[in-house]
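Work through the following exercises with the sequence and the model open beside you. Try each task yourself before you read its solution.

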Amino acid sequence: MTKVGLLGLGAYVPERVMTNDEWAEYVDTSHEWIVSRTGIERRRIAAEDQTTVDLAVEAARSAMADADVSPADIDEIIVATDTPEVFLPDTAAFLQDRLGVGQVPCYDLAGSGCAGFVLALDVARSRVIANDGRVLVVGVELLTRLLNWHDRNTCVLFGDAAGAAVVGRGEDVVEIVGTLAGTDGSKSDILALEAGGTRLPFSEEIAAKGLHKDLVMHGREVFREAVSHMTECSLQVLEEAGLTIDDVDLVVPHQANLRILNAVGNRLGVPAEKVYINVQEYGNTGSASVPLALWEAREKGRISIGDLVLLCAFGAGFHWSAMLLRF
Ligand SMILES: CC(C)(COP(=O)(O)OP(=O)(O)OC[C@H]1O[C@@H](n2cnc3c(N)ncnc32)[C@H](O)[C@@H]1OP(=O)(O)O)[C@@H](O)C(=O)NCCC(=O)NCCS
């Protein structure tokens, strides 16, 4: 049996860099506060004429080039995003058209927050095991477009980016050797964007109050949950694969916050140099964060052939996901 895994990786970040000092023009904050609480120093902001699919197209093309496949070789597309191109249809439909991929199944994995990409990779793996072929998986967020730029509790945390992978079979793939995902829906109100659905349909009043851009986030509770679930799902995926944390060469976690990443690294008992961190450059880019970090780690030579890489992510829902990759 040939292995199932990643044939290629890609990423894209918009050109415009926004510093912490610039946020002080919109809200009562400072570079010192943001760095001390989050580690974030800057983030990328999409240009006014860019939309979600523009970012997704760039990351997808980069991953397809890396995998040496053309649009005709793609048999399915999954887009993980909470900031879609439009409300209906899904971003995957726009992406298929823009890339010139055939009339294959294309769908979004929406609402799973920052855990979305790793979960989508897991779905892609199952689809390849069932059907063969190649699945293009994209994690993309244009979070700065949909969030309230006057809520200092949330606006400073996020950034825009896209990352992508092509999943398929082969002898030379980056093999997926373990995967795990979970959900605790009882905590869905702790990190949520509530307006616009059937519970709170979009209205003039909602728009006037700006509620459609208000992310509800109980920061301290999210922090605690993120640390414990990212740690637990990492240890569990290793145990199920018959491996231990000592076998891991690099941890590539969802880049939520430097303090969260340090706490996860400490609880896992891995030295700091084994945890890949780029949150200082891009902020929290939601479902784009793991593929962007994985791609960057590989580009910077932090991953060698034969390395075992652990991905772990956590997001609204709460959802969590982990994956083991053998390069
Ligand atoms: C949001 C977070 C950075 C806040 O840090 P914290 O250490 O918990 O902050 P505290 O609760 O001690 O302090 C909050 C205070 O800082 C203030 N504050 C919040 N954002 C601020 C900002 N950007 N600048 C300055 N002050 C800010 C609050 O208004 C509050 O002030 P108050 O005490 O007068 O009400 C932290 O809770 C966190 O990282 N949570 C997880 C968020 C996350 O990762 N979400 C995505 C998950 S995928």
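**Exercise 1.** Find which element gives the most to the shell around the ligand, and then describe that shell.

*Solution.* Helix H8 gives the most, with 5 residues, where helices (H or I, at least four residues) and strands (E, at least two) are DSSP runs numbered from the N terminus. The structure is a predicted model, in which local features need pLDDT of at least 70 and side-chain atom pairs count only at pLDDT 80 or more, while totals for chains, interfaces and linings use all residues. Residues are numbered from 1 along each chain as its sequence is written.

Next, look at single residues: of the 22 residues around the ligand, those that come nearest are Thr 29, Arg 152, Gly 219, Phe 223 and Ala 256, a residue being near if its C-beta atom, placed from the backbone, lies within 6 Å of the molecule. Two or more residues of the shell come from each of helix H2 (31-38), helix H8 (219-240) and strand S12 (308-315).

Then sort the shell by class, which gives 11 nonpolar, 8 polar and 3 charged residues; here Ala, Val, Leu, Ile, Met, Phe, Trp, Tyr, Cys and Pro count as nonpolar, Asp, Glu, Lys and Arg as charged, and the others, Gly among them, as polar.

**Exercise 2.** Work out where the ligand lies with respect to domain 1 and domain 2.

*Solution.* Begin with the domain assignment, which gives domain 1 (3-173) and domain 2 (177-326), the bounds coming from an automatic or database assignment. Both domains give residues to the shell around the ligand, so the ligand lies between them. Taken over C-alpha atoms, the centres of the two domains are separated by 14 Å. Their contact takes 46 residues from domain 1 and 44 residues from domain 2, two residues being in contact if their C-beta atoms, placed from the backbone, lie within 7 Å. On the side of domain 1 that touches domain 2, the largest share, 7 residues, comes from H5.

**Exercise 3.** Describe how helix H3 (residues 52-67) and helix H4 (residues 91-99) cross.

*Solution.* The axes of H3 and H4 come within 10 Å and cross at roughly 55°, the axes being lines fitted to C-alpha atoms over the stretch in contact, with angles from 0 to 180 degrees between N-to-C directions. H3 and H4 are therefore oblique to each other, since angles under 35 degrees count as roughly parallel, over 145 as roughly antiparallel, 65 to 115 as roughly perpendicular and the rest as oblique. Finally, Thr 52, Val 53, Ala 56, Val 57 and Ala 60 in H3 meet Thr 91, Phe 94, Leu 95, Arg 98 and Leu 99 in H4.
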